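Reader: Hey, could you walk me through this structure in plain words?
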Amino acid sequence: MIKASFRDLFDFDYHDVNYYGPKGKEWLANNMAAISQNQGAIVPFWATYTVDDTR
């Protein structure tokens, strides 16, 4: 049996580059979330995932 655990901090970093290409909506959404996080509307949190495999 194989058991693996992954831990990640869910938070947002502000990107100071204006991006108007094909990923512009992702850039805008990320920065809006980063601003919301800085104002306390979104709180970063840790998540742990555990995967079991019986092979």
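Author: Sure, here is a chat about the chain, from its overall layout to a few residues.

Author: First, a caution: this is a predicted model, where local features need pLDDT of at least 70 and side-chain atom pairs count only at pLDDT 80 or more, while totals for chains, interfaces and linings use all residues. Residues are numbered from 1 along each chain as its sequence is written, and side-chain values use heavy atoms, with hydrogens and water left out.

Reader: Ok, how many helices and strands are there in the chain?
Author: The chain has 1 helix and 2 strands, and reading along the sequence gives the pattern β-α-β. Here helices (H or I, at least four residues) and strands (E, at least two) are DSSP runs, numbered from the N terminus.

Reader: And what radius of gyration does the chain have?
Author: The chain has 16 Å, whereas a compact globule of 55 residues would have a value near 10 Å. That radius is taken over C-alpha atoms, and the globule rule is 2.2 Å times the number of residues to the power 0.38. As for its extent, the C-alpha trace spans about 45 × 30 × 15 Å along its principal axes.

Reader: How much of the chain is buried?
Author: Buried residues make up 15% of the 55 residues. Buried means under 20% relative accessible area, exposed means over 50%, and partly exposed is in between (1.4 Å probe, protein chains only).

Reader: What about the surface, how many Å² does the chain expose?
Author: About 5000 Å², with carbon and sulfur atoms supplying 56% of it. Those areas come from the Shrake-Rupley method with a 1.4 Å probe, and for residues only the protein chains shown count as cover.

Reader: Let's zoom in. Where is Ala 47 found?
Author: Ala 47 is in strand β2, which covers residues 45-53.

Reader: Why does Ala 47 count as buried?
Author: Because its relative accessible area is 10%. Beyond residues up to four places away in sequence, Ala 47 touches Phe 6, Arg 7, Asp 8 and Phe 10; contact means heavy atoms within 4.5 Å. Ala 47 and Arg 7 are 40 residues apart in sequence, but C-alpha to C-alpha they are 5.7 Å apart in space.

Reader: What share of the contacts comes from residues far apart in the sequence, 24 or more positions?
Author: Among contacts with a separation of 6 or more, such residues account for 67%.

Reader: New topic: how many aromatic pairs does a search of the whole structure find?
Author: The search finds 1 aromatic pair. Phe 10 and Phe 45 form that pair, and the two are stacked, at 5.1 Å centre to centre with 10 degrees between the planes. The pair links distant parts of the chain: Phe 10 sits in strand β1 (residues 2-10) and Phe 45 in strand β2, 35 residues apart. The rule is that rings of Phe, Tyr and Trp (its six-membered ring) pair if their centres lie within 6.5 Å; planes under 30 degrees apart count as stacked, over 60 as edge-to-face and the rest as tilted.

Reader: So is Phe 45 buried or partly exposed?
Author: Phe 45 is partly exposed, at 46% relative accessibility. Phe 10 also counts as partly exposed, at 35%.

Reader: Now the helix. Which residues outside its own neighbourhood does Asn 30 contact?
Author: Asn 30, in helix α1 (residues 24-38), is in contact with Phe 12, Asp 13 and His 15, leaving aside neighbours within four places in sequence. Asn 30 counts as buried because its relative accessibility is 18%.

Reader: And where does Phe 12 lie?
Author: Phe 12 lies in the loop between β1 and α1. Its contacts, not counting residues up to four places away, include Ala 33, Ala 34, Gln 37 and Ile 42. Phe 12 and Asn 30 are 6.7 Å apart in space, C-alpha to C-alpha, and 18 residues apart in sequence.
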